[in-house]
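Colleague: Could you take me through the disulfides of this chain, one by one? I'm in my first year, so please spell out your terms.

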Amino acid sequence: MKLNIAAILMLTVCSFTTVNVKAADKQSTNITSNANSTCTGAYPSYFQDPAFNKTGMWDNQVIINQAYSGWKGPIFSLSDAYASAKPDSAAPWLEFNPFDKNLSESDKNTQAWKYLWAVMKYIQEGNIDKGDISKDWDLCNNKVRSWYHIPYQTYDPMSGREFIHGLTREAPVTMAIKGQGDLKTTMWAVGFYNPQAANSIGKVWTGAPSPVMPQQNFAFNEGSVIGKLLFTTATPNNYPFLENVPVWQANISASDFCECKNADGSACSFQQETEQCPRSVADVYLLQFDIAVRDSRSPVGWAYGTFVADGQFKAKEKNPWDRISPLGLMWGNDTPPATVGAAAFPQNPITGLKDSAVFQEVVGRLNEHTNAGHLGCNGRLNGPADNALSSCLSCHQTASVPDSTNNTPAILYQFASYQEQGSGQCLTSPSALDLSIDQVYFKTFMCSESFVGPSNIVPVPKYAQGQKEWISTDFSLQLSISLTQWQEWQQDQDNLKKNIKVRVFEGTLPSR
């Protein structure tokens, strides 16, 4: 099989040098008794993990995220033994090549469909079929291959991992439902990484209390695979296609996205957040399953795919985790010409997108009664849990190491604190600024490449070492979030020494 040699060579220049950052106090942890387990207890498993109660991570907060007396269900453990990850030779997706520019549209879609399912079956091996859906995706003791989580999705009280399955809260999603109007929902998600990806993560999260912060653009290994389950607080009464899909219990805040608010408009402290947004155990339904593969055949070095719940249509599927359908696969942003906005390019998004394969039959079926088949900007790939003004790659290519102010680039220009009022990406009547924004946010960046643009669109970072461009985390928003939350924790440790005890999250976390 012929591979893209230029892309392979790019992997060698995506190396980075490192510097140690001050470590937090390491606490005793609950380490599983299985000697082969990948769950070591080196990092907190979830927000308010009792194994880390001596760190002061959640001092003076209401306890809203621990197993209560008599709890009989699962309790999440973080799979974090990155250093012991053994590279896996299996790569069934390499049998298919949707990136070949010589393929017809039909053949491209066929190759993409088979590629997606090959990745899905690879991810599922050893992680499901436990005989109880609630026990699936427990990564600690996979007997086929090891899988891992990203640490430090645990410090922010509003989004921090819940204790049952390790789900983190994502952005609110308002879904349109025929006959019911708009419904406000919340997404809760968990991601996992194969051995090749874990070997890369282990260069940052070594098992020591503090990470080794990348000082140059970070790169994941070739063959890295990432999977992500996204659950919704909506129900089959709202979305009929959620019938027959996996349902988990999760310890979550309000289903319509609780927001902490102070009467004077000031930012809420961590204590206020746990008081105003208590959590309780509730059902959540599988809505979306995202995959990402570091594949040198892709023009950008990665392929991003999305599956969507399709429980009515696939009710007869024996495996409940297969009651989903591929929405599409993408490997570029179909950058518009400089004089045309992304919302109008390509002119025909059904036939004109060259950097992706979108399965219109699935889109149409899911959009028949809801907007669950919604895509991104002008038909670019994005799932129902994502923002319709963006795309999978548009968001992920912004992923960066946080700077000394604990900030990263906005994943959507409209989310930026410096946004110019009325401006943004994917607008239907774009101004000159909007066109420039589209040229940045829908540029097709190469793997492990700094997210750059004019300073009024992508501000210059303030790194302690003086770098003038954002340090890429190679499209990994979760790695970026983990470093942001860890830096926030370090800042609070420094504040405690100054007798500043009120915690307010000052960094920026991506919002979908």
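Modeller: Here is a walk through the disulfides, followed by some background on the chain around them.

Before we start, this is a predicted model, so to speak of a local feature we need pLDDT of at least 70, side-chain atom pairs count only at pLDDT 80 or more, and totals for chains, interfaces and linings use all residues. Residues are numbered from 1 along each chain as its sequence is written, and side-chain values use heavy atoms, with hydrogens and water left out.

Searching the whole structure turns up four disulfides, a disulfide being a pair of cysteine sulfur atoms within 2.5 Å. Count the bonded cysteines along the chain and the pairing reads 1-2, 3-6, 4-5, 7-8.

Let's begin with Cys39 and Cys140, whose sulfurs sit 2.0 Å from each other. Their link is left-handed, with -95° about the S-S bond. This pair ties together distant parts of the chain, 101 residues apart: Cys39 is in the loop between strand 1 (18-20) and helix 2 (105-124), while Cys140 is in the loop between helix 2 and strand 2 (168-177). Helices and strands here are DSSP runs numbered from the N terminus (helices are H or I, at least four residues; strands are E, at least two). Both Cys39 and Cys140 are buried, and that word has a cut-off: buried means under 20% relative accessible area, exposed means over 50%, and partly exposed is in between (1.4 Å probe, protein chains only).

Next come Cys260 and Cys268, with 2.1 Å between their sulfur atoms. The torsion about their S-S bond is about -90°, so this disulfide is left-handed. Cys260 and Cys268 are both buried.

Now look at Cys377 and Cys426, another disulfide with its sulfur atoms 2.1 Å apart. Here the S-S bond has 95° about it, and the link is right-handed. This pair also joins distant parts of the chain, 49 residues apart: Cys377 is in the loop between helix 6 (360-366) and helix 7 (392-396), and Cys426 is in the loop between helix 7 and helix 8 (432-441). Cys377 counts as buried because its relative accessibility is 0%, and Cys426 counts as buried because its value is 7%.

Not every cysteine is paired up: Cys392 is in no disulfide, and the nearest cysteine sulfur, that of Cys395, is 7.9 Å away. Cys392 is buried too, with a relative accessible area of 7%. Cys447 is also buried, at 1%.

So what does the chain around these links look like? It has nine helices and 10 strands. Its radius of gyration (taken over C-alpha atoms) is 22 Å, close to the 24 Å that the globule rule (2.2 Å times the number of residues to the power 0.38) gives for 512 residues, so the chain is as compact as a globular protein of that length. Along the principal axes, the C-alpha atoms fill a box of roughly 60 × 55 × 50 Å. Of the 512 residues, 58% count as buried. Among contacts (heavy atoms within 4.5 Å) with a separation of 6 or more, 72% are between residues 24 or more positions apart.
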